[in-house]
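These notebook entries record what I looked up in one structure. They are set down in the order in which I took up each topic.

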Amino acid sequence: HEENVMQDLLGFDKMVTPIIIRILYFLGLLAVLAMTATALFQGRILVAIGVLVFGAIIVRVYSELLILLFRIHDNLVSINQQMKARNTSGPL
């Protein structure tokens with residue numbers, strides 16, 4: 001089992017970037033919270049609310065777009081494998 005995992009990672013058959021994107025998403029949310037807290041300490045309440053709302057939305061949308069690219073890749077790989085299996089099984 002461990003040999004298959006290493007082979008998938010070293011052969012670029014399994015993507016690790018989606019995991020990294022999730023980590024970056026949470027780090028982005030922490031950055032939004034830090035900027036919100038900074039704005040609150042400076043007495044800029046409207047800016048803090050704007051950063052909190054729009055910052056969280058922007059981080060989420062950007063992360064989802066990146067994840068979407070990898071989901072498309074996974075689906076294309078699956079379709080490719082199904083087509084290869086269909087072509088090697090003989091004529092219909």
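Which helices each supply at least two residues of the lining of the second largest pocket? I found that α2 and α3 each do so. I noted beforehand that the model is predicted.

**Entry: overall build.** I counted three helices and zero strands in the protein chain. Read from the N terminus, the order of elements is α-α-α. Of the 92 residues in the chain, buried ones make up 14%. I also looked up contacts between residues at least 6 apart in sequence, and 56% of these join residues at least 24 apart.

**Entry: confidence.** The chain has an average pLDDT of 87, and 85% of the residues score at least 70. Among the elements, I found the highest mean pLDDT, 93, in α2, and the lowest, 69, in helix α1 (residues 2-10). Where pLDDT is low, predicted coordinates should not be read in detail. I therefore keep that caution in mind.

**Entry: the second largest pocket.** I recorded a space of about 150 Å³ for this pocket. Its lining consists of Ile21, Arg22, Tyr25, Phe26, Arg60, Ser63, Glu64 and Ile67. Two of these names, Arg60 and Glu64, led me to the next entry.

**Entry: the salt bridge.** How many salt bridges does the structure hold? I found one. Arg60 pairs with Glu64, and their closest N and O atoms are 2.6 Å apart. Both residues belong to helix α3 (residues 45-88), where they sit four residues apart, about one turn of the helix. I then checked how far each is open to the surroundings. Arg60 has a relative accessible area of 41%, so I list Arg60 as partly exposed. Glu64, at 42% relative accessibility, is likewise entered as partly exposed. Both members of the salt bridge are also lining residues of the second largest pocket.

**Entry: Thr36.** I turned next to Thr36, which is part of helix α2 (residues 17-41). Is Thr36 buried or exposed? Its relative accessibility is 8%; because buried means under 20%, I count Thr36 as buried. A polar atom of the Thr36 side chain lies 2.8 Å from the backbone oxygen of Val32. Setting aside neighbours within four places in sequence, I found Thr36 in contact with Ala48, Val51 and Leu52. These three residue numbers fall within the range of helix α3, residues 45-88.

Technical notes:
Residues numbered from 1 in each chain as written. Predicted model: local features only at pLDDT ≥ 70, side-chain atom pairs only at ≥ 80, totals over all residues. Heavy atoms only, no water. Buried < 20%, exposed > 50% of the residue type's maximum accessible area, 1.4 Å probe, protein only. Polar contact = N/O pair within 3.5 Å; in protein donor to acceptor, adjacent residues only side chain to side chain. Contact = heavy atoms within 4.5 Å. Salt bridge = Lys/Arg side-chain N within 4 Å of Asp/Glu carboxyl O. pLDDT = per-residue confidence, 0-100. 1 Å grid on protein atoms, 1.4 Å probe; cavity = no way out; pocket = protein on both sides within 12 Å on 5 of 7 lines; lining within 4 Å. Points joined across faces, edges and corners; volume = space filled by probe spheres on them.
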